[in-house]
Amino acid sequence: RPSFVFQAPFDSVVKGVNYSLPGKPGQGIGVVVGHRIENWTLSARFGHTHQEFSNGNFYLGVPADGDVETLSLTANIGVSVPLNQKLSFEASFGLGFTTVSHSLAMVLAPGINSLDVLSDSGFSYELSLFLDYSFSERLSAFLGYRLAGIPENKGMTIAFDSVSTHLFELGLGINF
């Protein structure tokens, strides 16, 4: 099940100074491989998301911008409920491991820029809700919502709080 992900904007909050960096809409891709046993599903999801952020008056009036990227691998268990011959509803819960990377650029003075790249990893969670439409026994399309947790990023000089993200997915499913 490959999918395209549209990420709702979220604010990246810098720990210790209580300043935030408002995010823009993000995007990503994902792949799910799984097995269905009657109405139960067991799956593994690999995903990548990217979002940019900026704040013209970040810390002491200094403008800042940057981005946040995540790579995640989760194990999921779910249930699928058929609504009719072609349409089914699926809900799943997953736990996994996510690597998060922030880049933060600030203009400290004319001609003097700083760029910090921070990476960290941690446990994450996700809750997924999908509508799946079957075109045939082998091919389906799905539309979904996923609530995913991003772990905190404990950089050497700057640290970011953990956040929950809202992801909207559109994808295709191929059954073997």
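These are my notebook entries on a predicted model, covering a pocket, a nonpolar core and a few single residues.

**Entry 1: the largest pocket**

I started with the largest pocket and looked up its volume, which is about 770 Å³. I then listed its lining and got 29 residues. Arg 1, Gly 34, Arg 36, Ile 174 and Asn 175 are the ones that lie nearest the centre of the pocket.

Which strands supply the lining? I found at least two lining residues in each of E4 (26-37), E5 (40-59), E6 (62-82), E7 (87-109), E8 (112-134) and E12 (163-174). Strand E4 gives the largest share, with 5 residues. I also sorted the lining by class: 14 residues are polar, 8 are nonpolar and 7 are charged.

**Entry 2: the largest nonpolar core**

Next I looked at the largest nonpolar core, which has 16 residues. Leu 21, Phe 58 and Leu 104 touch the most other members. I noted that strands E5, E6 and E7 each supply at least two residues of this core.

I picked Leu 104 and looked up its contacts, leaving aside neighbours within four places in sequence. The list includes Leu 21, Phe 53, Phe 58, Ala 64 and Ile 158. Leu 104 is also in contact with Asp 65, Ser 114, Leu 115 and Asp 116.

**Entry 3: Gln 7**

I went to strand E1 (residues 2-7), where Gln 7 has its place. Is Gln 7 buried or exposed? Its relative accessible area is 4%, so I wrote it down as buried; the cut-off for buried is under 20%.

I then checked the side chain of Gln 7 for polar contacts. One joins it to the side chain of Gln 51 at 3.1 Å. Another, at 3.4 Å, is with the side chain of Thr 49. Beyond four places in sequence, Gln 7 is in contact with Thr 49 and Gln 51 and also with Pro 25, Gly 26, Gln 27, His 166 and Leu 167.

**Entry 4: Thr 41**

Thr 41 is in strand E5. I entered Thr 41 as buried because its relative accessibility is 8%.

How far apart are the C-alpha atoms of Thr 41 and Val 79? I found a separation of 5.9 Å, although the two residues are 38 residues apart along the chain. Val 79 is among the residues that Thr 41 touches, not counting those up to four places away in sequence. The others are His 35, Arg 36, Asn 76, Ile 77, Gly 78 and Glu 90. I had already met Arg 36 as one of the residues nearest the centre of the largest pocket.

**Entry 5: Glu 38**

I moved to the loop between E4 and E5, where Glu 38 is found. Glu 38 has a relative accessibility of 73%, so I recorded it as exposed. I also looked up its phi angle, which is near 55°. That value is positive, and Glu 38 is a residue other than glycine.

**Entry 6: Asn 84**

My last stop was the loop between E6 and E7, which holds Asn 84. Its relative accessibility is 47%, so I entered Asn 84 as partly exposed.

Which backbone nitrogens lie by a polar atom of the Asn 84 side chain? I found the backbone nitrogen of Leu 87 at 2.7 Å and that of Lys 86 at 2.8 Å. I also looked up Asn 84 and Phe 160, which are 76 residues apart in sequence. Their C-alpha atoms are 45 Å apart in space.

Conventions: Residues are numbered from 1 along each chain as its sequence is written. This is a predicted model: local features need pLDDT of at least 70, side-chain atom pairs count only at pLDDT 80 or more; totals for chains, interfaces and linings use all residues. Side-chain values use heavy atoms; hydrogens and water are left out. On a 1 Å grid over the protein atoms alone, a cavity is a set of points where a 1.4 Å probe fits but cannot get out, and a pocket is an open set with protein on both sides within 12 Å along at least five of seven lines; lining residues have an atom within 4 Å of a point. Grid points are joined across faces, edges and corners, and a volume is the space filled by probe spheres set on the points. Helices (H or I, at least four residues) and strands (E, at least two) are DSSP runs, numbered from the N terminus. Ala, Val, Leu, Ile, Met, Phe, Trp, Tyr, Cys and Pro count as nonpolar, Asp, Glu, Lys and Arg as charged, and the others, Gly among them, as polar. Buried means under 20% relative accessible area, exposed over 50%, partly exposed in between (1.4 Å probe, protein chains only). A polar contact is a pair of N or O atoms within 3.5 Å; within protein, one must be able to donate a hydrogen and the other to accept it, and residues adjacent in sequence count only if both atoms are side-chain atoms. A nonpolar core is a set of buried Ala, Val, Leu, Ile, Met, Phe, Trp, Tyr and Cys residues joined through side-chain atoms within 4.5 Å. Contact means heavy atoms within 4.5 Å.
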